[in-house]
Amino acid sequence: MSVSTKRKLKKIFKNRQLTLGGVIVILFILLAIFAPLIAPFDPLEQSMQRRLQAPSGEHIMGTDNLGRDVFSRIVYGTRVSLVVGIASTLMGGIVGVFFGVIAGYYGKAVDTVIMRATDILLAFPGILLALAIVAILGSGTEVVIIAVAVWAVPSFARIVRGSTLAVKKLEYIDAIRAVGAGDFRIIFLHILPNVLSPIIVQATLNVGGAIVSAAVLSFLGVGTQAPTPEWGSMVSTGRQFMLENPHLVLFPGLAIFLLVVGINLFGDGLRDHLEPKKTK
Amino acid sequence: MIIFIVRRLLQTIPVLLGVSLVVFLMIHLIPGCPARAMAGEAADPVQIEILREQMGLNDPVLTQYFRFIRRIVTGDLGTSIVSGRPVVEEIFEARFAITVHLAILGTLAAVILGLIVGIVSATMKDSFLDILLMLVALLGLSIPNFWLAVLLIIEFSVNRGLLPIVGWGEINQMVLPTLTLGISGAAIIARMTRANLLDVLNQDYIRTARAKGAGERIVIFKHALRNALIPVITVVGLQFGALLTGAIITETIFAINGMGRLIIQSITQRDVIMVQGTVLVVSIMFVAVNAMVDIAYRLVNKRVDLN
């Protein structure tokens with residue numbers, strides 16, 4: 001390992017938020033990938049004999065109202081949450097970045113139209129727009145991904161537009177244009193790479209927000225549907241039995257909480273690392 | 001100043017038109033024919049055709065949109081598919097007031113809790129209490145509020161039997177929903193207040209105040225806080241949006257019959273007209289609050305220049 005790589009790694013590990021958040025996120029990713037190896041039981045296998053058991057040696061997080069192993073369901077639930085979080089961020093991010101860079105680069109009427117459109121999308125508070133989309137398309141994991149993606153578009157567009165405006169004014173862009181590069185080339189080869197840091201930070205934090213939104217939709221009964229193991233809907237079902245079985249709501253909620261804390265720490269750390277100027 | 005207020009209010013018009021367009025399009029984006037979706041699977045073609053005609057779905061889309069706008073302006077949001085009652089009646093009879101009440105209580109809880117924690121933390125910077133409070137605030141930011149609500153219920157209703165699990169109206173029924181709604185906002189306001197207060201306390205005029213012999217209490221409450229709180233106003237405004245969404249969750253969990261619960265019920269019952277109405281009303285509220293916050297911000301901080 002060269003000296004400079006070592007120094008870079010040292011800098012990353014010194015950033016405690018980044019390291020701690022990164023470790024948490026990687027653990028959850030491993031959990032999702034190796035779910036079949038880690039989960040001791042089939043997450044869908046029901047058994048009336050062992051329903052509503054408290055946590056024990058065999059079922060470390062107990063069993064639910066249908067006798068399914070809560071731990072196994074949480075392990076598999078990681079897949080749903082991560083897939084929804086990442087897929088919706090990718091979809092919303094790509095669309096948002098596209099419109100943001102176009103708005104910032106072309107300015108004038110294009111900018112006005114795109115920015116007013118984001119104003120309109122932002123006029124629907126929180127998950128309301130996502131709920132409206134669910135109302136149109138019906139519930140299900142795929143719809144949740146679309147709904148949460150649309151919700152993410154305006155923030156990406158705004159951030160990228162701002163950064164594009166700053167980069168566009170730099171002299172080297174004029175130089176490249178003078179050499180004869182077209183708009184397409186300038187945008188994709190010269191502007192986008194330079195606005196990548198804020199995009200990466202926003203994308204990371206958005207994954208956390210998207211996971212919570214998706215869990216909320218499922219909790220409200222309009223997201224991922226039974227019997228798919230999903231943390232939000234596990235809390236929702238567990239609510240009916242929580243008087244005697246608090247473990248049914250504690251563990252899935254804790255999973256969401258931990259993953260989101262991990263992602264937010266990682267995102268904040270990433271911001272400090274990539275954009276040191278912006279931190280106080 | 002008046003010019004600013006007028007301009008800010010005018011700015012809401014295109015946004016509201018856009019919102020109404022999106023809400024209008026909802027019914028047209030439903031896969032297949034909206035009339036069929038409303039009449040149900042079992043409806044025969046004649047029934048659907050009558051419904052189409054009634055709903056004006058056979059007219060050009062633009063005509064339909066203008067008719068939609070005209071109806072909204074006159075206060076007609078259509079008729080619920082499920083209950084058959086006017087949407088406006090369903091919303092404004094009782095539900096609207098309940099949600100607004102809940103949102104105001106949540107905001108108050110967030111502001112009071114947030115300010116206390118922020119001020120205590122800032123004045124005792126780097127103490128054990130400061131670190132503890134900021135850690136709690138950090139956790140409060142990340143905790144999903146539906147889970148928080150469930151934890152509060154387990155602790156205060158199930159284990160201690162202090163507060164009721166559901167309902168709205170009695171004071172003891174309002175405690176848990178208010179806390180659920182207020183905590184994430186409180187966490188944000190606490191962090192913001194602390195950071196701003198520390199910033200302000202470093203400024204020259206505070207040193208002057210101290211130099212002339214003002215006590216610590218006077219310095220903080222009379223001189224520093226006033227300036228430190230200006231940016232907090234914006235956060236309170238932004239939080240109101242989160243609060244309206246939070247109300248959907250809170251009302252569902254605590255079985256409170258507000259607009260939030262109505263939205264979820266309408267979605268599960270596929271009552272598109274009702275969803276349209278509630279989404280529209282909530283968004284208009286949000287746009288209005290944002291405009292008011294901007295104006296309030298301008299009133300207390302004359303230095304801001306909003307093009």
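Axes are here lines fitted to C-alpha atoms, for helices over the stretch in contact, and angles run from 0 to 180 degrees between N-to-C directions. In these terms, helix 7 and helix 11 of chain B pack at an angle of about 35 degrees, with their axes 10 Å apart. The model in which this packing is described is a predicted one.

Both chains are built from helices. Chain A holds 12 helices and 0 strands, and the C-alpha trace of chain A spans about 75 × 55 × 30 Å along its principal axes. Of its 280 residues, 48% count as buried. Chain B has 13 helices and 0 strands, and its C-alpha trace spans about 85 × 55 × 30 Å along the principal axes. Buried residues account for 37% of the 307 residues in chain B. With contacts restricted to residues at least 6 apart in sequence, 71% of those in chain A join residues at least 24 apart; for chain B the corresponding value is 70%.

The two chains meet through 33 residues of chain A, which are in contact with 33 residues of chain B. On the side of chain A that touches chain B, two or more residues each are given by helix 5 (108-122), helix 6 (128-137), helix 10 (196-219), helix 11 (231-239) and helix 12 (247-274) of chain A. Helix 12 of chain A provides the largest share of that side, 7 residues. By class, the side of chain A that touches chain B comprises 26 nonpolar, 4 polar and 3 charged residues.

Helix 7 of chain B was examined in further detail. At 1.5 Å a residue, the 15 residues of this helix (residues 145-159) should span 21 Å, and the end C-alpha atoms are 20 Å apart, which agrees. The helix nevertheless contains a kink of about 30 degrees, centred on Ile153(B). Ile153(B) is itself buried, as are Asn145(B), Phe146(B), Trp147(B), Leu148(B), Ala149(B), Val150(B) and Leu152(B) of helix 7 of chain B. The partners of these buried residues belong to both chains: they pack against helix 10, helix 11 and helix 12 of chain A, together with helix 8 (171-201) and helix 11 (230-253) of chain B. Just after helix 7 of chain B, Gly161(B) adopts a positive phi of about 60 degrees.

The crossing of helix 7 and helix 11 within chain B is right-handed. Asn145(B), Phe146(B) and Ala149(B) of helix 7 make this contact with Gly246(B), Ile249(B), Thr250(B) and Ile253(B) of helix 11 of chain B. By class, the contact has 4 nonpolar, 3 polar and no charged residues.

A helix pair within chain A was also described. Helix 6 and helix 7 (residues 141-168) of chain A pack at an angle of about 145 degrees, and their axes are 8 Å apart. Helix 6 of chain A passes helix 7 of chain A in a right-handed crossing. In this pair, Leu129(A), Ala130(A), Ile133(A), Val134(A) and Leu137(A) of helix 6 meet Val143(A), Ile146(A), Ala147(A), Val148(A), Val150(A) and Trp151(A) of helix 7 of chain A. The contact between these two helices of chain A has 11 nonpolar residues, with no polar and no charged ones. Helix 6 of chain A is also among the elements that give two or more residues to the side of chain A that touches chain B.

Note on methods:
Residues numbered from 1 in each chain as written. Chains lettered and ligands numbered in written order. Predicted model: local features only at pLDDT ≥ 70, side-chain atom pairs only at ≥ 80, totals over all residues. Contact = placed C-beta atoms within 7 Å. Helix = DSSP H or I, 4+ residues; strand = E, 2+ residues; numbered from the N terminus. Nonpolar A, V, L, I, M, F, W, Y, C, P; charged D, E, K, R; others polar. Expected span 1.5 Å × (residues − 1). Bend = angle between axes of the 7 residues up to and from the residue. Buried ≥ 20, exposed ≤ 12 C-beta atoms within 10 Å, placed from the backbone. Left-handed = near helix turned anticlockwise from the far one by under 90°.
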